[in-house]
Amino acid sequence: MRQFLSVHDVDDVQALVAEAREHKAAPFAFEDLGRRRTMGLVFFNASLRTRLSTQRAAQNLGMQVIVLNTGQDAWQLEFSDGTVMDGGSAEHIREAAGVLGEYCDIIGVRAFPSLKDRTADEREEVIGNIVRFSGRPVVSLESATRHPLQSLADCMTIEELRTVPRPKVVLTWAPHPRALPQAVPNSFVEWMRKSDVDLVVTHPEGYELPPRFMEDTPVEYDQAAAFAGAHFVYAKNWSSYERYGDILRSDAEWMVTAEKMAATDSGKFMHCLPVRRNVVVDDAVLDSPSSVVLQQAGNRIWSTQAVLKRMLEAL
Ligand code: SN0
């Protein structure tokens with residue numbers, strides 16, 4: 001695998017999930033594969049799970065890991081070409097990415113959207129420029145429009161926990177005080193569509209996800225109807241795509257509660273974390289045995305390890 005930016009870089013999702021489960025069973029089976037290889041992690045935004053699970057995955061494969069937090073530690077970067085750089089930006093992405101390519105064999109990048117300019121966000125310039133100017137294989141650690149490593153871990157978690165051949169999976173919008181990206185739900189839909197599940201997306205009017213990710217995925221505007229008989233409830237807030245980056249209403253009644261979960265078929269509660277307690281989901285759900293958020297977070301290591309192993313093999 002040369003790069004990992006979306007589900008389109010994976011030929012067989014089921015096979016990759018199976019490999020991730022093998023890494024979980026035998027974490028150090030390939031501990032020499034990444035010997036004398038260096039993974040660079042570049043964060044333009046905050047991270048807890050992605051940062052630590054990617055380090056663990058790379059280290060389990062014998063790689064060295066170096067981390068750059070661009071916000072506080074690095075020079076302010078310029079992205080547009082032909083600019084007279086006499087303002088705040090000290091370094092152009094062309095040199096910065098080229099230097100990363102000198103130091104790293106594989107580069108991971110996290111770059112959230114602005115949520116202001118939809119067209120610009122959809123161009124994925126940050127990660128695209130690093131691909132272009134580093135000349136190295138790049139792994140998305142969450143881009144403006146996608147979070148594929150999260151989705152792979154989600155597929156793995158559903159595969160581990162499913163009790164029926166084709167589970168009903170509900171992606172539900174949930175309230176949040178801040179405007180958040182559509183990256184996690186976009187990716188989740190994209191990966192679920194390649195999995196053997198019945199996917200239903202539920203959200204208030206105005207929070208429709210981009211058609212290029214949804215395609216013909218069913219949308220149910222009645223959250224209670226969507227939850228009926230669900231085997232997995234995946235909660236996530238996102239801001240409006242149509243009125244790009246807006247929070248349309250507070251919609252507090254969309255919080256996931258124990259009462260709502262009672263209508264599911266012993267449904268498991270999933271969330272990518274970080275989660276706002278008693279805003280997105282109430283304590284009663286998060287602290288109940290139906291919550292699988294920690295298993296989901298744990299699986300970030302093994303799913304990333306499966307991706308990095310394939311990328312190391314392609315070096
Ligand atoms: C990010 C998002 O894309 O929604 C990362 C999720 C993996 N989440 C946040 O930025 C949450 C921030 C907050 O204030 O709760």
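This note covers the ligand site and the enclosed cavity of a predicted model.

1. Location of the ligand. The ligand occupies the largest pocket of the structure. The shell of residues around the ligand consists of Phe112, Glu142, His147, His176, Arg178, Leu180, Pro181, Lys236, Cys272, Leu273, Pro274 and Arg276.

2. Character of the shell. By residue class, the shell around the ligand comprises six nonpolar, two polar and four charged residues. Phe112 and Leu180 are among its members, as are Glu142 and Lys236.

3. Polar pairs with the ligand. Three side chains of the shell deserve individual mention. In Arg178, a side-chain N or O atom is 2.7 Å from an oxygen atom of the ligand. For Lys236, the distance between an N or O atom of the side chain and an oxygen atom of the ligand is likewise 2.7 Å. His176 places a polar side-chain atom 3.0 Å from a ligand oxygen atom.

4. Burial of the ligand. The ligand in isolation exposes 410 Å², and 88% of that area is buried by the protein.

5. Enclosed space. Apart from the pocket, what does a search of the whole structure find in the way of cavities of 30 Å³ or more? The search returns one such cavity. The volume of the largest cavity is about 40 Å³.

6. Lining of the cavity. The largest cavity is lined by Arg118, Glu122, Ala144, Thr145, Gln182, Asn186, Pro210, Arg212, Tyr241 and Tyr244. This lining divides into four nonpolar, three polar and three charged residues.

7. Cavity and domains. Which domains contribute at least three residues each to the lining of the largest cavity? Both domain 1 (7-146 + 300-314) and domain 2 (149-297) do so. Arg118 and Tyr241 are among the lining residues.

Note on methods
Residues are numbered from 1 along each chain as its sequence is written. This is a predicted model: local features need pLDDT of at least 70, side-chain atom pairs count only at pLDDT 80 or more; totals for chains, interfaces and linings use all residues. Side-chain values use heavy atoms; hydrogens and water are left out. A residue is near a molecule or strand if one of its heavy atoms lies within 4 Å of it. A polar contact is a pair of N or O atoms within 3.5 Å; within protein, one must be able to donate a hydrogen and the other to accept it, and residues adjacent in sequence count only if both atoms are side-chain atoms. Accessible areas come from the Shrake-Rupley method with a 1.4 Å probe; for residues, only the protein chains shown count as cover. On a 1 Å grid over the protein atoms alone, a cavity is a set of points where a 1.4 Å probe fits but cannot get out, and a pocket is an open set with protein on both sides within 12 Å along at least five of seven lines; lining residues have an atom within 4 Å of a point. A molecule sits in a cavity or pocket if more than half of its atoms lie within 2 Å of its grid points. Ala, Val, Leu, Ile, Met, Phe, Trp, Tyr, Cys and Pro count as nonpolar, Asp, Glu, Lys and Arg as charged, and the others, Gly among them, as polar. Grid points are joined across faces, edges and corners, and a volume is the space filled by probe spheres set on the points. Domain bounds come from an automatic or database domain assignment.
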